[in-house]
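This briefing goes through one protein chain, from its overall build to a few local backbone features. Please keep the sequence and the structure in view while reading.

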Amino acid sequence: MKIHFIGIGGIGLSALARFLHHEGYEVKGSDIKETPLVQKLRQEGIEVFVPQQADNIQGDEDVVIYSAAIKPNNPELVAAKKAGIKTLSRREALPLVLGGKRVYAVAGAHGKSTTSAILASILKDANAIIGAESKEFGSNVRFTGSETVVFEADESDASFLNSNPYCAIVTNAEPEHMEFYGHDLDRFYEAYEKFLDLAKVRVLSQADPFLRNVSLEAIRLDPKEDIRIKGHFLKDDEPYIRFELRDFGEFEVWGFGEHIALDASLAILAAMNEIGLEEIRENLKNYRGIKKRFDIVEKKKDFVLIDDYAHHPTEIEATLKSVFEYAKLKGLENITIIWQPHKYSRLLDNLDRFRECFYGNVRLVILPVWAAGEEPVEIDFDKHFGHYEPIFADRVKREEEGVVLLGKNGVMQSLNDGIVVGFGAGDITYQLRGLV
């Protein structure tokens, strides 16, 4: 079968393309610009066209799959439909990828990438399709040929309903992506209920009010009662946490913060359905974090640069706790946050929370909003965030000694001491790495 992916350079669609490529499908695709991920796909034997244009559809494709970011007037999508080729959204394509598989589907507003990657490390013989790059296997996909798949299931467009879950693991169900659900909480929670109802096995965090009241039979984790943090420590300057889970003994995993212990505990409880406890304890040590999640880009004696995908107040608050813990162990005092707000809709939906989430003795730098295709909205950042006395910069540039803030008139300030952490789901990750 020949499959063309429109938007193949995205983290979600590239995972499906890679997995089907491994399964023997003839895969190609397109994107709007050259990126490191596009280059990696080519190195793996997948043909990628840049930019997107009608001629990229050659007429012999069996299926065209497109990402959620693709508009109806996309030239390739228009050409495919004109040629009578079957077209599927990413959501509609999931049964093609996951049908017939034993799927461990991980969902939730926060922590699903981390939980998925940890579970993939524990179930080392399983396939994995994750919405981030695992540092253990250097990709968002691991192909083993097994019938078991660890899959990061997305609630943003309710595509988790097409994920064929054998085991549904839900980290939390905090309302997010409400524009898709028409800002209707009932619709939002109904989608989660349907997802859980599809699964034979369910693993849920009792810390979430909605999940706590789900009546379906489930393995339930109460973080306050079941998890005991034993301590944080550094190993080769990398962060680790040690914790006890119920009466199962002590575990050690990469990362800092209670949220890491919670994510790991959910993965452990799910994995106990497959393998023994001692094998879980040992395999957990394979986890090395994921790209863009507390991702230590550079570390020196007096300077550490961290890239983090956090783009919601809950995620920012949790990661900041980890930053403070890391700073304490490293003996570093200065902490600078570079925040690239992601999507006007998210910013407006959570404005009060964003105003409060940058706590502690930190410097705040605010970059322009990464619109992600949304129309611009006028937001008075001076009014809402003035209490932080923020620096407003246009972009960040990576330099050998650290990073510099750039404005309309050039260099505004150099940052080369303490901890600098970037928050955002836009192109800030490339700015911090000197790739744009």
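Accessible areas here come from the Shrake-Rupley method with a 1.4 Å probe. On that basis the chain exposes about 18,600 Å², and carbon and sulfur atoms supply 47% of this area. The model is a predicted one.

**Overall build**

- The chain holds 15 helices and 24 strands.
- Its radius of gyration is 22 Å, which agrees with the value near 22 Å that a compact globule of 436 residues would have.
- The C-alpha trace spans about 60 × 60 × 40 Å along its principal axes.
- Of the 436 residues, 56% count as buried.
- Among contacts with a separation of 6 or more, 63% join residues that are 24 or more positions apart.

**Charges**

- The chain carries 53 positive and 70 negative charges.
- The mean positions of the two sets are 2 Å apart.

**Helix H3 and its packing**

- Helix H3 covers residues 75-82, and Glu76, Leu77, Ala79 and Ala80 are buried in it.
- These residues lie on the same side of H3, because they cover an arc of only 160° around the axis.
- The partners of the buried H3 residues are four strands: S1 (2-6), S2 (26-30), S4 (63-66) and S5 (86-89).

**A cis peptide bond**

- Between Val50 and Pro51 the peptide bond is cis, with omega near 0°.
- Pro51 is located in the loop that runs between strand S3 (47-49) and S4.
- Strand S4 is also one of the strands against which the buried residues of H3 pack.

**Positive phi outside glycine**

- Arg246 is not a glycine, yet its phi is positive, at about 50°.
- The loop between strand S14 (238-245) and strand S15 (250-254) contains Arg246.
- Arg246 has a relative accessibility of 27% and so counts as partly exposed, since that class lies between the cut-offs of 20% and 50%.
- Glu389, likewise not a glycine, has a positive phi of about 50°.
- Glu389 sits in the loop between helix H14 (381-385) and strand S20 (391-392).
- The relative accessible area of Glu389 is 70%, so this residue is exposed, the cut-off for that class being over 50%.

Conventions
Residues numbered from 1 in each chain as written. Predicted model: local features only at pLDDT ≥ 70, side-chain atom pairs only at ≥ 80, totals over all residues. Heavy atoms only, no water. Helix = DSSP H or I, 4+ residues; strand = E, 2+ residues; numbered from the N terminus. Rg over C-alpha atoms; globule rule 2.2 N^0.38 Å. Buried < 20%, exposed > 50% of the residue type's maximum accessible area, 1.4 Å probe, protein only. Contact = heavy atoms within 4.5 Å. Lys, Arg positive; Asp, Glu negative; His and termini not counted. Charge placed at Lys NZ, Arg CZ, Asp CG, Glu CD. Arc of directions from axis to C-beta.
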